[in-house]
Structures are given as C-alpha cells and as structure tokens.
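Grab your viewer and let's work through a few short exercises on a sheet. Try each task yourself before you read the solution.

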Amino acid sequence: MRRELDIFTGFDDLMNLLATGKINVPANVIERTSGYDIELIVPGYRKEDITSSIKDHSLVVKGERQPARDNRYVRQAFVLNSFERRFSLPPNAPLDGISAKCENGVLTISVPFKEKERPLEIKVL
C-alpha cells in the first residue's frame, strides 16, 4: 500500500468540524494477513455511544455523547462530543465478516479479506 503525505488533513478536519460540528478522530489502518484493522481513538466513549454502518460500500463510524453540563471549565482545550469517519471498503470485502470491539479508548474494526476462490477441479473419468 502506498503512503502519501496529505498536507490538507488538518484543513479537512477543520472544514468537517465547521460544516457538521463533528471532529475527525485519529485513525490507523493496519494491513494484516487476514484483512485490515482500523483503529480509532475514542477516549471517554462507551461502546453504546458508537455506531457503525455500511453505506455505498463505505464504512461509516459515528460517535455521539452528551457533554457534562455541570462542569464549569476554567480552560477547555478539547471537545469530543461527536465524531464521524468514513472509510472506503475494498471491493471484495465480505461485508458480513466485519467486526468491531472497543477497549481502553480504542475502537478496532476488523475488515477481513475475501477468501481466494479455488479453481474448480474437474475429475477426469
């Protein structure tokens, strides 16, 4: 897989925040022998706060939580009340094999590779 430096990543995050009020959480995409693992940093989110779906062959991951209303911040450096990320899926990904788990503030979504089809062998009689 070829890596490219995208100088507009921060700009895209800002535009997404301004347009939707949602921030892009950081994500890693790891290629394994069995498929891809997508890791998203989701500190403070419970698994009940996170939804994922597939739309137009894209994986859509959303998180939504209610802010603490009783806090009186002297300084607030970050707000993570909601996020949304989209990932294009490989064309041959078996959609029913996708799984997810959330542990220690990291959401891991596993997208398996489709098993290679074996050539049909015809026995000669």
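**Exercise 1.** Which residue in β5 is the bridge partner of K62?

*Solution.* Go to K62 and look across to β5: the bridge partner there is E84. Next, try V61, which stands opposite R85 in β5. Now zoom out: β4 (residues 58-64) and β5 are antiparallel, with seven bridges between them. For the terms, strands are DSSP runs of E with at least two residues, numbered from the N terminus, and two strands pair if DSSP finds at least two bridges between them.

A word on the model: it's predicted, so local features need pLDDT of at least 70 and side-chain atom pairs count only at pLDDT 80 or more, while totals for chains, interfaces and linings use all residues. Residues are numbered from 1 along each chain as its sequence is written, and side-chain values use heavy atoms, with hydrogens and water left out.

**Exercise 2.** How many residues lie between β3 and β4 in their hairpin?

*Solution.* Start at K55, which stands opposite S58 in β4. Then follow the turn: two residues separate the strands, and D56 there has a positive phi of about 50 degrees. Finally, count the β3-β4 bridges: six, in the antiparallel sense.

**Exercise 3.** Why is one side of β3 and of β5 left without a neighbour in the sheet?

*Solution.* First, lay out the open, antiparallel sheet: three strands, in the order β3-β4-β5. Then check the edges: β3 (50-55) and β5 (82-88) each have a single partner strand, so one side of each lacks a neighbour in the sheet. As for β4, five of its seven residues are buried (under 20% relative accessible area, 1.4 Å probe, protein chains only).

Key:
Helices (H or I, at least four residues) and strands (E, at least two) are DSSP runs, numbered from the N terminus. Buried means under 20% relative accessible area, exposed over 50%, partly exposed in between (1.4 Å probe, protein chains only).
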